[in-house]
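Subject: Structure for your attention

Dear colleague,

Please find below the structure that I am handing over to you, together with its sequence. I would be grateful if you kept it open while reading the notes beneath it.

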Amino acid sequence: MPDLVRTAVCDGIEMDYAVFGKAGTGFRTLVILPGMSLHPVMLSAQIVAHTFAPFVKAGYSVYLFDRKKQFGDSYSVNEMAEDTYRVMQSLGIGRADVYGTSQGGMMALSLAVHHPEAVRRLAVASTLSRQNPTSLLTMRTWIELSARESPVELNRDVFRRVYSPEFYARYEKAFERFEPEGTSEEMRRFGVMAAASMEFDIYDELSGIRCPVSLYGVEDDTVLSGQGVKEMAEALHCPIRMFPGRGHAFYDEVPHFVDSLLEFFV
């Protein structure tokens, strides 16, 4: 793993994280909570560090968190958020700016509801606060594919749902090279995370979020649907920006999207 990757151990939790910039010296801290991944999040740490270089340049300490290393066959989104909060506390991270994508956005919402003192500003992308037919269908499909232990089927479905048709076609050969990758344990974990997303519902608690919030999404989100961010915008009376023609992981497709995030947080 890259040198910037570390492991936190506290209260029985063992969790990998990456930190960019000079930890603890920035005038602000950004916490990144990524979405579900079949593979260890830290394999992408160098890419994330490059992408979020504008935050480091602006004086931020940036932390990227994975889920905890060991969990059983049940692990709720709220438990994921709580474990992340405890690790943040152990690392001396007080009030942070928080950015969550997909399931990481669900975690970010849970963190803001249950630990408002820990979140200064909140940005979430391609996420939801309660389920809808699209999200339930996606998670059921991913649970079934995970149980088959066929990484090719699972990866192919994930890639095609997560990215826009144009983006997928452009990088199809690269995606095909990754399709066979995935161990039995990685697929088990992915299935557990998918089940956790199906059970997540924090809509009625959104009023407990007191910090400024900014929402981002796409109309044709074939993973969770664009409905989720729209109804959150109405409930929270906060700004929302939709990216036409992009996929669920639009943040990988839109050039300089991180600059928009930086503008909101600063």
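The notes that follow describe the sheet, then several individual residues, and lastly one helix.

Please bear in mind throughout that this is a predicted model.

The sheet

Eight strands make up an open sheet, and their order across it is 1-2-4-3-5-6-7-8, with mixed pairing. Strand 1 (5-10) and strand 8 (240-242) are the edge strands, each of them pairing on one side only. From one strand to the next, the twist averages 20°. Helix 3 (residues 77-90) packs on this sheet and touches strand 1, strand 2 (13-20), strand 3, strand 4 and strand 5 (96-101). The direction of helix 3 makes about 65° with that of strand 2.

Strand 4 and its two partners

Strand 4 (residues 60-68) runs parallel to strand 3 (residues 28-33), and five bridges join the two. Within this pair, Arg-28 stands opposite Tyr-60 of strand 4. Strand 2 is also joined to strand 4 by five bridges, but here the strands run antiparallel. Ala-18 has Leu-64 in strand 4 as its bridge partner. Because nine of the nine residues of strand 4 are buried, this strand is largely enclosed by the rest of the structure.

Asp-66

One residue of strand 4 that I should like to point out is Asp-66. Asp-66 is buried yet has no salt bridge. The nearest side chain of opposite charge belongs to Arg-67, at 4.9 Å, whereas the cut-off for a salt bridge is 4 Å. A polar atom of the Asp-66 side chain does, however, lie 3.3 Å from the backbone nitrogen of Val-41. Apart from neighbours within four places in sequence, Asp-66 is in contact with Met-15, Asp-16, Pro-40, Val-41 and Met-42.

Ile-202 and Ser-129

The next two residues are both found in loops: Ile-202 between helix 9 (184-199) and strand 7 (213-217), and Ser-129 between strand 6 (119-125) and helix 5 (133-148). Ile-202 counts as buried because its relative accessibility is 1%, and the threshold for that term is under 20%. Ser-129 is buried as well, with a relative accessible area of 0%.

These two residues touch one another. Leaving aside neighbours within four places in sequence, the contacts of Ile-202 are Asn-78, Leu-109, Ser-110, Val-113, His-114 and Ser-129. On the same basis, Ser-129 touches Leu-109, Phe-200, Asp-201, Ile-202, Tyr-203, Leu-206, Glu-231 and Met-232. In addition, the C-alpha atom of Ile-202 is separated by 8.9 Å from that of Leu-128, a residue 74 residues away along the chain.

Helix 12

Finally, helix 12 (residues 257-265) is mostly covered, as seven of its nine residues are buried. The buried residues in helix 12 are Phe-257, Val-258, Ser-260, Leu-261, Leu-262, Phe-264 and Phe-265.

Yours sincerely

Note on methods
Residues numbered from 1 in each chain as written. Predicted model: local features only at pLDDT ≥ 70, side-chain atom pairs only at ≥ 80, totals over all residues. Heavy atoms only, no water. Pairing = 2+ DSSP bridges. Helix = DSSP H or I, 4+ residues; strand = E, 2+ residues; numbered from the N terminus. Axes fitted to C-alpha atoms, helices over the stretch in contact; angles between N-to-C directions. Contact = heavy atoms within 4.5 Å. Buried < 20%, exposed > 50% of the residue type's maximum accessible area, 1.4 Å probe, protein only. Lys, Arg positive; Asp, Glu negative; His and termini not counted. Polar contact = N/O pair within 3.5 Å; in protein donor to acceptor, adjacent residues only side chain to side chain.
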